[in-house]
Amino acid sequence: MSDVTRAKNGRPVHHWRRDLVELAALFTAVAVADAVANVIGHGPDGPALLAISAVALIATAGFHTWWSHRHGHAPPTGDTGARPAASARRAGTAEGDLTAPETDADDGSGSGSGSGSGGTVLWRMRTTVRDEPGSLAALCMALAELRVDILSLQTHPLAEGTVDEFLLRAPAPVAASEVTRAVSLSGGFGTWIERADAHDLVDAPTRVLGLATRTALDAAELPLALRQLLGRCTIRSLPATSVRGDRPEAGAPVEGALEDTVMRLRAPEGGVITVERPYLPFTPTEFARARALVELDARLGPRVPRSRDVLTLPQGKDIIVRRADAGDVEAAKAMHERCSQRTLSMRYHGPVGDADKYLKHLLSPHFGRTLAVQTASGRVVGLGHLLWDGDETEIALLVEDDWQRRGIGGELLGRLVAMAVEAGCDSVYAVTQAANTGMVAAMRGLDLPLDYQIEEGTLVITARLETAAPHAEDAGHEREHSVRD
């Protein structure tokens with residue numbers, strides 16, 4: 001028996017109490033043996049008795065050894081709940097139910113938490129294997145040799161071969177290049193890998209159901225849901241006709257179209273949704289999932305969450321801030337007619353020929369989210385837009401002349417930024433003019449890092465949202481006078 005064992009962290013632990021007990025037992029045994037030897041050895045038959053005792057002890061020890069070898073490893077008659085022996089687990093014989101390989105807890109080979117002092121990291125990896133028996137097994141064996149744990153696996157069948165998507169947990173010292181090299185040597189090709197996080201631990205069916213729920217509650221979530229479903233990609237929603245109405249946009253077939261790294265889906269309102277991912281081709285499975293999500297959105301029709309907040313301005317008047325949709329086109333058009341040409345020019349950077357087409361586009365939930373500010377009498381006096389622009393996000397404001405410089409623009413801007421943070425946006429930008437001091441002041445009031453770019457009198461202000469999470473949390477708190485429908 002060893003007097004040194006190893007704790008879970010691998011450090012030796014000396015059991016000094018057990019050492020003291022064994023040492024005391026040894027001294028006691030020596031003392032007893034000495035006393036017996038003195039008593040028997042000085043008698044007339046002492047030497048003979050000692051010889052007979054020695055022979056009896058040797059015979060007993062031999063019999064015990066023979067018996068233990070023959071019966072000591074017999075299986076128990078009932079289920080003890082103990083783990084199978086390591087040799088039986090590794091053998092995986094057909095006799096019995098020892099088919100699930102395990103690793104001994106004390107041999108340092110457990111893959112649940114990784115090995116070594118560097119901890120573990122999560123990776124998302126996608127590779128293509130030939131549609132042959134044993135191809136996936138060879139790939140898994142290559143990963144096992146690197147002590148890489150496979151947390152989840154999705155398969156995307158192709159006409160020739162299969163795309164396998166893995167969520168991996170690897171020891172921190174193992175670099176991504178080592179993983180991809182091992183995969184390549186085992187027969188995988190077209191391999192792509194990137195760092196993952198805890199959000200990727202959610203299994204695919206649960207993630208898809210969650211995205212479908214978000215889309216069902218809010219039509220503006222569709223582009224965001226597609227982006228989360230397909231990973232890093234650029235999504236653009238194009239109307240059936242251009243905003244100016246001077247040219248038709250290229251449509252998409254009803255069943256959609258998939259072309260390697262680009263998919264085109266028929267939008268619910270008749271336009272087209274284009275999804276591009278240049279670094280990784282789409283699979284037919286991904287295309288089917290995206291098309292199902294778009295079809296769900298089309299069947300549910302236009303919808304936005306019905307909520308409103310009642311706020312009191314510093315001047316004492318109450319306003320209502322709520323989500324707006326296509327049903328507010330007429331009210332928004334009436335507000336445009338009350339605005340001065342200077343205000344409209346600041347917002348649209350030039351004359352507005354036909355406000356109807358602009359407003360139908362801006363108020364459609366598939367192009368972004370819109371907040372409306374209305375008075376107690378129901379008149380809309382302000383609009384704030386959060387517009388999805390590919391993989392970027394634009395913020396735009398319009399406040400009626402008589403209601404400017406009352407804090408409405410800052411209120412709208414703060415709420416739109418909070419919505420952008422909630423949607424996972426990294427930044428938002430506003431396009432305005434250098435003379436629009438109100439918009440510039442409102443952007444500065446966000447207390448966020450700002451980048452400025454001026455081109456031919458047009459000012460683009462970009463706010464980085466790394467530090468905006470506390471602002472979003474504060475904006476999400478229920479206000480004292482808020483009212484929910």
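Visitor: Which residue just after H5 takes a positive phi, and of about what value?
Guide: This is a predicted model. Helix H5 covers residues 176-185. Just after H5 comes a residue with a positive phi of about 110°, and that residue is Gly-187.

Visitor: Which residues of H5 are buried?
Guide: Buried means under 20% relative accessible area. In H5, four names meet that description: Ala-176, Val-179, Ala-182 and Val-183.

Visitor: Why do the buried residues of H5 line one face of the helix?
Guide: An α-helix has 3.6 residues a turn, so residues three or four places apart point the same way. Look down the axis of H5. Its buried residues line one face because they fall within an arc of 130°.

Visitor: What do the buried residues of H5 pack against?
Guide: One partner is a helix, H4 (135-145). The others named are strands. They are S3 (120-129), S5 (162-171) and S6 (189-195).

Visitor: Thr-127 has a polar contact with the side chain of which residue?
Guide: Thr-127 sits in strand S3. Its relative accessibility is 0%, so Thr-127 counts as buried. A polar atom of its side chain lies 3.4 Å from the backbone oxygen of Phe-189. Its side chain also makes a polar contact, at 2.8 Å, with the side chain of Thr-191.

Visitor: Which residue of H5 is in contact with Thr-127?
Guide: Set aside the neighbours within four places in sequence. Thr-127 then touches ten residues, among them Leu-139, Phe-166 and Val-183. Of the buried residues of H5, the one in contact with Thr-127 is Val-183.

Visitor: Val-129 is how far from Asp-164, C-alpha to C-alpha?
Guide: Val-129 belongs to strand S3. With a relative accessible area of 4%, Val-129 is buried. Beyond four places in sequence, its contacts include Ser-135, Leu-139, Gly-188 and Asp-164. Val-129 and Asp-164 are 35 residues apart along the chain, yet their C-alpha atoms are separated by 7.4 Å.

Visitor: How much space lies in the largest pocket?
Guide: The lining of this pocket has 47 residues. Nearest its centre lie Arg-124, Asp-200, Arg-227, Gln-228 and Gly-231. The space in the largest pocket is about 1300 Å³.

Visitor: Which helices give two or more residues to the lining of the largest pocket?
Guide: Strands S3, S4 (149-157), S5, S6 and S15 (392-399) each give two or more. The helices that do so are H6 (204-217), H7 (222-230) and H8 (284-300).

Visitor: How many residues in the lining of the largest pocket are charged?
Guide: Sort the lining by class. Nonpolar residues number 18 and polar ones eleven. The charged residues number 18.

Visitor: Is Leu-386 buried or exposed?
Guide: Leu-386 lies in strand S14, residues 380-389. Leu-386 and Ala-396 are ten residues apart in sequence and 6.8 Å apart in space, C-alpha to C-alpha. Beyond four places in sequence, Leu-386 is in contact with residues including Phe-367, Ile-395, Leu-416 and Val-428. Its relative accessibility is 0%, so Leu-386 counts as buried.

Visitor: Which residues of H13 are exposed on the other side from its buried ones?
Guide: The buried residues of H13 (437-444) are Met-439, Val-440, Ala-442 and Met-443. They cover an arc of only 160° around the axis, so they are on the same side of H13. On the other side, the exposed residues are Thr-437 and Arg-444.

Visitor: Which helix do the buried residues of H13 pack against?
Guide: Strands are among the partners: S15, S16 (427-433), S17 (450-455) and S18 (458-464). The helix is H12 (408-422).

Visitor: Where does Arg-405 lie?
Guide: Arg-405 has a positive phi of about 60°, although it is not a glycine. Its relative accessibility is 77%, so Arg-405 counts as exposed. Its place is the loop between S15 and H12.

Visitor: What is the relative accessible area of Asp-447?
Guide: Asp-447 is in the loop between H13 and S17. Its phi is positive, near 60°, in a residue other than glycine. Asp-447 is exposed, and its relative accessible area is 59%.

Visitor: How many helices and strands has the protein chain?
Guide: The protein chain has 485 residues, and 37% of them are buried. Its elements number 14 helices and 18 strands.

Conventions:
Residues numbered from 1 in each chain as written. Predicted model: local features only at pLDDT ≥ 70, side-chain atom pairs only at ≥ 80, totals over all residues. Heavy atoms only, no water. Buried < 20%, exposed > 50% of the residue type's maximum accessible area, 1.4 Å probe, protein only. Arc of directions from axis to C-beta. Contact = heavy atoms within 4.5 Å. Polar contact = N/O pair within 3.5 Å; in protein donor to acceptor, adjacent residues only side chain to side chain. 1 Å grid on protein atoms, 1.4 Å probe; cavity = no way out; pocket = protein on both sides within 12 Å on 5 of 7 lines; lining within 4 Å. Points joined across faces, edges and corners; volume = space filled by probe spheres on them. Nonpolar A, V, L, I, M, F, W, Y, C, P; charged D, E, K, R; others polar.
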